[in-house]
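Dear colleague,

I am handing over the structure below, and after it I set out what was found. Please read the notes with the model open beside them.

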Amino acid sequence: MKKGIIGFLVIVLCLGMLTGCGAVAANTPSHIPATQNPASADDGASVLASTFSGEERQMLQALQFGDYRHMNIAEFQNKVWELTDTPAYSELLSRLSKDEALYAKRDSDELAAFLYYVLEPLTKENWQSHTYSGAAASDFPAGEDNAALEYTYTLTILDAAKVMVKDYCDTRVNVKEAMNSMMLGRMKEELQSEEYMGAELKTLVEGILSDFQTPELTVAIEYAYFPLTSAEENSRGNGSGNDVEYEQRAAPNGTKADYQSLLALKTPDYQDMPLADFNAALLAWADADYERMVRVEEDDRYDDFKVPLSEDERAFARWTVFLSGQENAQVVRSVYTGMPENDPWYDQYLPMRFGASGDRAGWCSLYYQFSWHIADKAATTVGERDRQLSGMMKAVQDFWNETGTEELLKMSEADIVAKLQEIMGTYSTSNITITTSQEDVTFESIK
């Protein structure tokens, strides 16, 4: 189970280190452009004209402060939050999150790019981390088979006061451009070899992390590579991908003593325990030895357990402990910042689906993020929480796997969001509410 966000164990560790982090500027290699070349602001007004009134367009443009790129993220956030703390802005931004026509212009229009690449990720409720997605293909002539690369990358802000908006934007664009360049100018022999391309991708990703990560802004990259295949293999529908997240391990593997201490929390009746009690016990375990907790968390992130664990023990460490860790992370962050406690969240990337759309080849992919709200941790058991969240994720996976590709290609992103919300509603209870929104779902397709 991949984690697209920094786990609570690392968050707790980082909170203790924030005051000691020095500002480090990312070095931008000359061969990677740092900015896009969007259309003019006048085009942005024309895009908005069909949906929003003149007054509403002015309200949106007012958020694009003239010097916003040279503010640090904390300054930008505070200025936006102060300006938008009105019912009129709340209603306007809610409608904006559902505007598919404007969203489709985010890579060609200046205002749309600002709204979806700056305003939304930096000022949403869970602004600390945001995941972007992209896809690239080899450049053989149309009609020929092409290899494909699908990827997501997550930018996590560890200190909003030490990261400039400009640096955040440049990092987002630089990572995208570097990943897209991977597939260009390749020979067929290279693209047919998963081993060769896997090594090339690993080198590329490690270079991106070295060039663009700082102590205040981290990058995590996941990708799925679909090699060039023969016509016979394509007709059988065979395909494979390497879905990998590359980050440098922060600690060595967990020891037998580490896991013995963690599994002491796995009492015979732990599933019947109130979440309030179990989470408190887990937090006490984490506070007792943060180096131990980082070792265990890193084993989970990389699926690299050196200590033999039964299937049940591994599920406990990878699911129950992870979910409670996310809940504890929000408690710790609230105490540290003095801000209200946010709901925990999780994201999942589902791999490409390939098929046909009429007489053309097509593909689609899905990334979604969801949050869960526990009404009363003292009245909700560990087992109920675990069952409802895992059941929901399996239902989403089943929908994606069992729906025909042609049918998926006919769906819009709004259709996908509605389906996910329907599934999440089914698995919500009086104690647990599971939600997602338009801004938390990315449905990419080529028909």
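Which residue follows H15, and what is the sign of its phi? The residue is Gly338, whose phi is positive, near 80 degrees.

Before the rest, a word on the source: this is a predicted model, in which local features need pLDDT of at least 70 and side-chain atom pairs count only at pLDDT 80 or more, while totals for chains, interfaces and linings use all residues. Residues are numbered from 1 along each chain as its sequence is written, and side-chain values use heavy atoms, with hydrogens and water left out.

Overall picture

The protein has 18 helices and 8 strands, where helices (H or I, at least four residues) and strands (E, at least two) are DSSP runs numbered from the N terminus. Of its 447 residues, 51% are buried, a term that stands for under 20% relative accessible area, with exposed meaning over 50% and partly exposed in between (1.4 Å probe, protein chains only). The accessible surface comes to about 20200 Å², and carbon and sulfur atoms hold 51% of that area, as computed by the Shrake-Rupley method with a 1.4 Å probe. Among contacts (heavy atoms within 4.5 Å) with a separation of 6 or more, 76% are between residues 24 or more positions apart.

Helix H15

Helix H15 covers residues 311-337, and its 27 residues reach 38 Å from the first C-alpha to the last, close to the 39 Å expected at 1.5 Å a residue; the expected span is 1.5 Å times one less than the number of residues. The helix nevertheless has a kink of about 30 degrees centred on Phe322, the bend at a residue being the angle between axes fitted to the seven residues ending there and the seven starting there. Gly325 also lies in H15, and Gly325 counts as buried because its relative accessibility is 0%. Its C-alpha is 7.8 Å from that of Leu283, although the two are 42 residues apart in sequence.

The cores and helix H7

The largest nonpolar core has 59 residues, and those with the most contacts inside it include Phe76, Phe114, Leu149, Met179 and Ile221; such a core is a set of buried Ala, Val, Leu, Ile, Met, Phe, Trp, Tyr and Cys residues joined through side-chain atoms within 4.5 Å. H7 gives the most to this core, with 10 residues. Apart from it lies another core, of 52 residues, among them Leu265, Leu366, Trp372 and Met411. As for H7 itself, 13 of its 14 residues are buried, and its end C-alpha atoms, 18 Å apart, agree with the 20 Å that residues 110-123 should span. Leaving out residues up to four places away in sequence, Phe114 touches Leu63, Gln64, Tyr68, Phe76 and Leu119.

Met179 sits in helix H8 (residues 165-181) and is buried, with a relative accessible area of 0%. With the same sequence neighbours set aside, Met179 touches residues including Leu149, Leu204, Ile208 and Ile221, and its C-alpha is separated by 8.6 Å from that of Leu149, 30 residues apart along the chain.

The loop at Thr436

Thr436 is in the loop between strand E7 (432-435) and strand E8 (441-446), and at 10% relative accessibility Thr436 counts as buried. The side chain of Thr436 reaches the backbone oxygen of Gln369 at 2.6 Å. Beyond neighbours within four places in sequence, Thr436 is in contact with residues including Phe370, Leu420, Met424 and Val441.

With best wishes

Definitions and conventions
A polar contact is a pair of N or O atoms within 3.5 Å; within protein, one must be able to donate a hydrogen and the other to accept it, and residues adjacent in sequence count only if both atoms are side-chain atoms.
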